[in-house]
Amino acid sequence: MATYEIFKAGDVTLECGEILSDVQIAYVTHGRLNAARDNAIVYPTHYSGTHENNAWAIGVGMALDPEKYFIIIPSLLGNGLSSSPSNTPAPHDGPRFPTVSVRDNVLLQHRLITEKFAVTEVALVTGHSMGAQQTFQWGALFPEMVRRIAPFCGSARTSRHNWLFLEGCKSALLADAGFAGGYYTEPPTTGIRAFARVYAGWAWSQTFFRLQLDRERLGLPSMEAFLTLAWEPSFQAHDANDLLAMLATWQAADISADTRFNRNFERALAAITATAIVMPCSTDLYFPAEDSEIEVSHMPNAQLRIIPSVWGHMAGGGINPEDAAFINSALEDVLAR
């Protein structure tokens, strides 16, 4: 794992009401903050991802150019680098780790950039999947601070259908007797493997498999190889309680779950005044383009730009060059506005 920094936030009262002690946010930066402190880009991580998973979108000559911008990548709580069930001491270790919201993450990220770097204006917030959920949350919570947002393959709240899919993944893991209610002494590998296999069928589109792009583009000779070589290892590398903690954050995501909006989703979207390009993928099974179209219709300065791809949710992962180029172009456009 590449070197990363730690922001120590102290004891934090979470949205659920519990106090999490000695909270730490892992982060990395690319580039330099300019004298005006107005070239900062916040690029949060996605579910089970780290800063390394975001690196594909950053480079000289790209939209997220470290020679122009100061790019901050904060790690999601629960991902094993920031405060998580696997690295938090008692009494909040393991299954006793409290439920963390997307809002909790964004408030901590706000503390990071203001307390550590004295940033008062954010040029852009962008992110994939749960990173996109954090992007929407940034726009709703800090409209006076955030100039632009560009969420891709994500949503402003988790849909009922998406919640249902996640519940299936969770249940597959919990069914492993070795999980022992979260108090395992050895990793519940059977449950994590089942979790990964439920997850895998949703991350890519039906067309992706009909065209056998898993063979042609990923070089995997069989569906079993797709699961065992390209999918299961990434989940087996994570602690089971960490996976469940991040999943709980995902299931509860809703920018309108705030006293200012009182669950009025349309009002929360209308509060996002930043210039926005929202990028769903046309074949994403988690976050369908139809949901993004509805969200954009309530955002005053937003444009919908659908990624025309058969790679499903993974269109936002930087794996397919055509999709990566589409996202980069949209990021260039929004930064030029």
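I take contact to mean heavy atoms within 4.5 Å. The model I am reading is a predicted one.

**Entry 1: H4 and H10**

I looked up which residues join these two helices. On the H4 side I found Asn162, Trp163, Leu166, Glu167, Cys169, Lys170, Leu173 and Leu174. Their partners in H10 are Ala240, Leu244, Leu247, Trp250 and Gln251. I sorted the residues of this contact by character and recorded 9 nonpolar, 2 polar and 2 charged.

I then turned to the geometry. Helix H4 covers residues 160–174 and helix H10 covers residues 240–251. Their axes lie 10 Å apart, and the packing angle is about 160 degrees. Angles over 145 degrees count as roughly antiparallel, and H4 and H10 are therefore roughly antiparallel to each other. I noted the crossing of H4 with H10 as left-handed.

**Entry 2: H2 and H3**

I next examined helix H2, residues 102–116, against helix H3, residues 130–141. The two axes come within 9 Å and cross at roughly 70 degrees. Since angles of 65 to 115 degrees count as roughly perpendicular, I entered H2 and H3 as roughly perpendicular to each other. The handedness of the H2 and H3 crossing is right-handed.

For the contact itself, I listed Val102, Arg103, Asn105, Val106, Leu107, Gln109, His110 and Ile113 from H2. These meet Gln133, Gln134, Gln137, Trp138 and Leu141 of H3. By character, I recorded 6 nonpolar, 6 polar and 1 charged among the residues of the H2 contact with H3.

Terms used. Residues are numbered from 1 along each chain as its sequence is written. This is a predicted model: local features need pLDDT of at least 70, side-chain atom pairs count only at pLDDT 80 or more; totals for chains, interfaces and linings use all residues. Side-chain values use heavy atoms; hydrogens and water are left out. Axes are lines fitted to C-alpha atoms, for helices over the stretch in contact, and angles run from 0 to 180 degrees between N-to-C directions. Helices (H or I, at least four residues) and strands (E, at least two) are DSSP runs, numbered from the N terminus. Angles under 35 degrees count as roughly parallel, over 145 as roughly antiparallel, 65 to 115 as roughly perpendicular and the rest as oblique. A crossing is left-handed if the near helix is turned anticlockwise from the far one by less than a right angle, and right-handed if clockwise. Ala, Val, Leu, Ile, Met, Phe, Trp, Tyr, Cys and Pro count as nonpolar, Asp, Glu, Lys and Arg as charged, and the others, Gly among them, as polar.
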